[in-house]
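Please examine the sequence and the three-dimensional structure shown below. The report that follows should be read with both in view.

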Amino acid sequence: MVNRKTVDMLAARIKLRHLQIALAVRDAPTAKEVARHANISESAVSKTLAELEDRLGFKLFERIGNARRPTAMGAQVLPVMEALVARARSMAEIVVDLRTGAQGSLRVGVATDMGKLILAPLIHAFNEAQPGIALDVQTGGFQAMAELLQQDGLDALVCYDDSALTAGELGRLRLAPPQPLVIVANARLSPLASRQRVTLEDLHGQPWCKPRPGTMMHARLTDLFLKADLNLPPRGIQVSDLLLTDEFVRSTDYLVMLPVAAARRLTASQDAIILPIELRVHNPPTIIVWQRAHEWRPSLVQFLDFCRGGARGEDGGGAAME
C-alpha cells in the first residue's frame, strides 16, 4: 500500500523548474543547448537534473555512446511531467486572462467540407452563448491540421474520422454520422441534367471539380471509377475550397461529388441537381478530436459540453462519444 505521507513529501519537493529542465534535457541534443534556451549555465542544468533524480530515487536518462535516452523508469514519468508542465502553462494563461478580464480563447481547426457545414452554425451558437471566449477558426488539409493539433497549435479539430486519430491520448466526439455521397451537376448547363439514368461511363467523360490527392474524397472518387475499370476522369480541375466548388457547379457544367447534406445547399436554389445514379458510397463520420491532456482547459470543456448538448447529425441523433 502506498504511504500517503511519503507521496505528499515527494510531491512537495518536486518543483516545476525540475520538470522543465528534465523535459528540456530529453528534447535538446546537448546540455549546452538546454542551458541556452533556459538562460542558465550548463552546471545549473546538471545540478537541477541531479537534484530531481536524487529526489525521485532513480536516473531519468542513460548514456548510449554520445546519445542520451530515457531509462525505463524515466520513460514512464517523463510524459507525466510533460502533462504537468502543460497544465502549469495553461493555468498561467488563465490567470493572465482573468487579470485582463478575458474569458479565454479557443482554437478550432476544420479539415473537411462537411466539417465546415457543421462547424459554422455550431460556432455561431457557441459564440452567442459564450461571447467572452475568443474564437480562432482555421482551415487546412487533414494532415497539416492533425499535426497542428498534436503540436498544440489547435485545441480541437473537426474532420472526417480517420485511423490516424484513434490514439489513446486523443478524445473523440462524433458530430455527424456517415452520409451518402452523390454527384451534383448544374441544372441548366450539364448535358447529364436531363438524363433519367446516368452511368459511371457517362460521368467519366464530363469535366469535374476533383478533390486533391491524399484526401478522403479523392480516394472515394478514385475507387468509384476503378470499380468500373476506369481511371479518374481526365477533364476538370483540382479544388479543395467548398465555396469555389459551389461557384463552379452554379456557373459551369463541372460535376462534383459531395455528401448529401452539402449537395442540398446547391439543389435548394434549383441551380443544381443530384444526378440519378446510386453510388453506394458513404463518407466517414464527422468527428471533433482533441488532446486529452488538454481537455481540462475551461474554454475547451465548455465547447465540448456545448457540442455534446447541441450538435445534431443529419439523422437527428445527438453527438456521441467514441
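The following report describes the interior, the cysteines, the aromatic rings, the cavity and several single residues of this structure. The model is a predicted one.

**The nonpolar cores**

The largest nonpolar core has 43 residues, and the members that touch the most other members are Ile183, Leu203, Met257, Ile288 and Phe303. Helix 6, which spans residues 113-129, supplies the largest share of this core, namely 6 residues. Phe303 may serve as an example of such a member. Apart from residues up to four places away in sequence, Phe303 touches Leu106, Val108, Leu119, Leu122, Ile123, Phe126 and Ile288. There is also a second core, separate from the largest one, with 17 residues; among them are Ala28, Leu49, Leu52 and Leu60.

**The cysteines**

How many disulfides does a search of the whole structure find? The search finds 0 disulfides. Cys159 is in no disulfide, and the nearest cysteine sulfur, which belongs to Cys307, is 13 Å away. A pair of cysteine sulfur atoms counts as a disulfide within 2.5 Å.

Cys159 belongs to strand 5, which covers residues 156-160. Is Cys159 buried or exposed? Cys159 has a relative accessible area of 1% and is therefore buried, since the term applies under 20%. Not counting residues up to four places away in sequence, Cys159 touches Ala111, Thr112, Phe142, Leu165, Pro285, Thr286, Ile287 and Val289. One of these, Ile287, is 128 residues from Cys159 along the chain, yet the C-alpha atoms of the two are separated by 5.7 Å. Another cysteine, Cys209, has a relative accessibility of 3% and so counts as buried.

**Aromatic rings**

A pair of aromatic rings is described by two values, the distance of the centres and the angle of the planes. The count for this structure comes to 4 aromatic pairs. Two of the pairs are set out in the table.

| Pair | Centre to centre | Angle between planes | Arrangement |
|---|---|---|---|
| Trp208 and Phe225 | 5.9 Å | 85 degrees | edge-to-face |
| Phe248 and Tyr254 | 5.1 Å | 45 degrees | tilted |

Where do the partners Trp208 and Phe225 lie? Trp208 is in strand 8 (residues 208-210) and Phe225 is in helix 9 (residues 216-226), so their pair ties together parts that are 17 residues apart in sequence. Both Trp208 and Phe225 are buried. In the tilted pair, Tyr254 counts as buried because its relative accessibility is 19%, and the limit for this term is under 20%. In addition, ring pairs link Phe126, Phe303 and Phe306 into a cluster. Phe303 thus appears in this cluster as well as in the largest nonpolar core.

**The cavity**

Rolling a probe the size of a water molecule over the atoms shows where empty space is left. The count comes to 1 cavity of 30 Å³ or more, and the volume of the largest cavity is about 30 Å³. Which residues line the largest cavity? The lining consists of Leu149, Leu154, Asp155, Gln291, His294, Arg297 and Leu300.

Among these lining residues, His294 is found in the loop between strand 12 and helix 12 (298-310). The relative accessibility of His294 is 9%, so His294 counts as buried. His294 touches Ala86, Asp152 and Leu300, with residues up to four places away in sequence not counted.

**Backbone angles in two loops**

Asp229 has a positive phi, near 60 degrees, and is a residue other than glycine. Asp229 is placed in the loop between helix 9 and strand 9 (236-238). With a relative accessibility of 75%, Asp229 counts as exposed.

Arg280, which is not a glycine, has a positive phi of about 55 degrees. The loop that holds Arg280 lies between strand 11 (272-274) and strand 12 (286-291). Arg280 is exposed, because its relative accessible area is 70% and the term applies over 50%.

**Pro70**

The last residue considered is Pro70, which is found in strand 2 (residues 67-70). Pro70 has a relative accessibility of 31% and so counts as partly exposed. Leaving aside neighbours within four places in sequence, Pro70 is in contact with Leu60, Phe61, Glu62, Ala75 and Leu78. One of these contacts, Leu60, is also a member of the second nonpolar core. From Pro70 to Asp246, the separation is 176 residues in sequence and 52 Å in space, C-alpha to C-alpha.

Key:
Residues are numbered from 1 along each chain as its sequence is written. This is a predicted model: local features need pLDDT of at least 70, side-chain atom pairs count only at pLDDT 80 or more; totals for chains, interfaces and linings use all residues. Side-chain values use heavy atoms; hydrogens and water are left out. A nonpolar core is a set of buried Ala, Val, Leu, Ile, Met, Phe, Trp, Tyr and Cys residues joined through side-chain atoms within 4.5 Å. Buried means under 20% relative accessible area, exposed over 50%, partly exposed in between (1.4 Å probe, protein chains only). Helices (H or I, at least four residues) and strands (E, at least two) are DSSP runs, numbered from the N terminus. Contact means heavy atoms within 4.5 Å. Rings of Phe, Tyr and Trp (its six-membered ring) pair if their centres lie within 6.5 Å; planes under 30 degrees apart count as stacked, over 60 as edge-to-face and the rest as tilted. On a 1 Å grid over the protein atoms alone, a cavity is a set of points where a 1.4 Å probe fits but cannot get out, and a pocket is an open set with protein on both sides within 12 Å along at least five of seven lines; lining residues have an atom within 4 Å of a point. Grid points are joined across faces, edges and corners, and a volume is the space filled by probe spheres set on the points.
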